[in-house]
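This report goes through one protein structure, from its general make-up to a few single residues. Please keep the sequence and the 3D view at hand while reading.

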Amino acid sequence: MWYDRSNLSWTASFFLANGTQHLLDGKDNCARRDCAFAVGFDRSRAAFNMPKLCELLMADKHTLVSFFRKRISCSCLDELYKKVKSLPKIGLCYNPYCKHGRVVTRSKTKCCSQCRGANYCSRRCEAAHWPRHSKACIETATATVLSRLYL
């Protein structure tokens with residue numbers, strides 16, 4: 001199953017449909033779970049982005065509705081999106097030792113300038129986390145550059 005793209009695609013679609021229904025039913029935590037599974041089974045993306053997955057698991061209503069709305073073909077989430085689009089999107093500081101509680105308004109996050117895969121609440125948090133993030137950062141940045149060159 002793990003190497004069959006059609007099975008993976010079908011499974012991701014199942015979780016997208018399930019999560020959409022959970023959102024419409026007001027079951028946000030169930031929708032978050034389905035969102036995580038959909039991301040896990042979506043092999044069309046070049047790399048698995050753990051910080052983004054963590055953000056989705058803690059997602060605010062605006063981010064959650066936007067995630068599903070962009071990935072489904074129907075317009076059933078349009079009304080719900082109109083209700084939540086004025087809410088601020090919440091981001092997650094990738095530094096697990098963040099002194100600000102790790103949750104920050106997404107518009108105020110700073111993304112890692114090298115890999116663009118990790119977000120931080122401040123440059124201070126980014127610098128403090130660099131010793132732990134550096135290896136994965138360099139690998140991600142290199143893989144991104146190589147995929148752009150050869151795709």
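Contacts between residues at least 6 apart in sequence give a first view of this predicted model. Of these contacts in the protein, 50% join residues at least 24 apart. The protein has 151 residues, and 37% of them count as buried. Its accessible surface comes to about 9,700 Å², and carbon and sulfur atoms account for 56% of that area.

The protein contains six helices and four strands. Their order along the sequence is α-α-α-α-α-β-β-β-β-α.

**Arg-32**

Helix H2 covers residues 28–41, and Arg-32 is found in this helix. What is the nearest side chain of opposite charge to Arg-32? That side chain is Asp-28, 4.9 Å away. A salt bridge requires the charged atoms to be within 4 Å, so a distance of 4.9 Å does not qualify. Arg-32 is therefore buried without a salt bridge, given that cut-off. The side chain of Arg-32 does reach the backbone oxygen of Ala-59, at 2.6 Å. Leaving aside residues up to four places away in sequence, Arg-32 touches Leu-56, Leu-57, Met-58, Ala-59 and Leu-64.

**Helix H4**

Leu-64, one of the residues that Arg-32 touches, is also among the buried residues of helix H4, which spans residues 61–71. The buried residues of this helix are His-62, Thr-63, Leu-64, Val-65, Ser-66, Phe-67 and Phe-68. At the start of H4, a side-chain oxygen of Asp-60 comes to within 3.1 Å of the backbone nitrogen of His-62.

**Cysteines**

How many disulfides does the structure hold? The number is zero. The table lists two cysteines, each with its closest cysteine sulfur.

| Cysteine | Closest cysteine sulfur | Sulfur–sulfur distance |
|---|---|---|
| Cys-112 | Cys-137 | 3.6 Å |
| Cys-121 | Cys-98 | 3.6 Å |

Why does Cys-112 form no disulfide with Cys-137? The sulfur atoms are 3.6 Å apart, which is too far for a bond, because a disulfide needs them within 2.5 Å. The sulfur of Cys-121 is likewise too far from that of Cys-98 for a bond. Are these two listed cysteines, Cys-112 and Cys-121, buried or exposed? Cys-112 is buried, at 1% relative accessibility. Cys-121 is buried as well, with a relative accessible area of 16%.

Definitions and conventions:
Residues are numbered from 1 along each chain as its sequence is written. This is a predicted model: local features need pLDDT of at least 70, side-chain atom pairs count only at pLDDT 80 or more; totals for chains, interfaces and linings use all residues. Side-chain values use heavy atoms; hydrogens and water are left out. Helices (H or I, at least four residues) and strands (E, at least two) are DSSP runs, numbered from the N terminus. Buried means under 20% relative accessible area, exposed over 50%, partly exposed in between (1.4 Å probe, protein chains only). Contact means heavy atoms within 4.5 Å. Accessible areas come from the Shrake-Rupley method with a 1.4 Å probe; for residues, only the protein chains shown count as cover. Lys and Arg count as positive and Asp and Glu as negative; His and the chain ends are not counted. A polar contact is a pair of N or O atoms within 3.5 Å; within protein, one must be able to donate a hydrogen and the other to accept it, and residues adjacent in sequence count only if both atoms are side-chain atoms.
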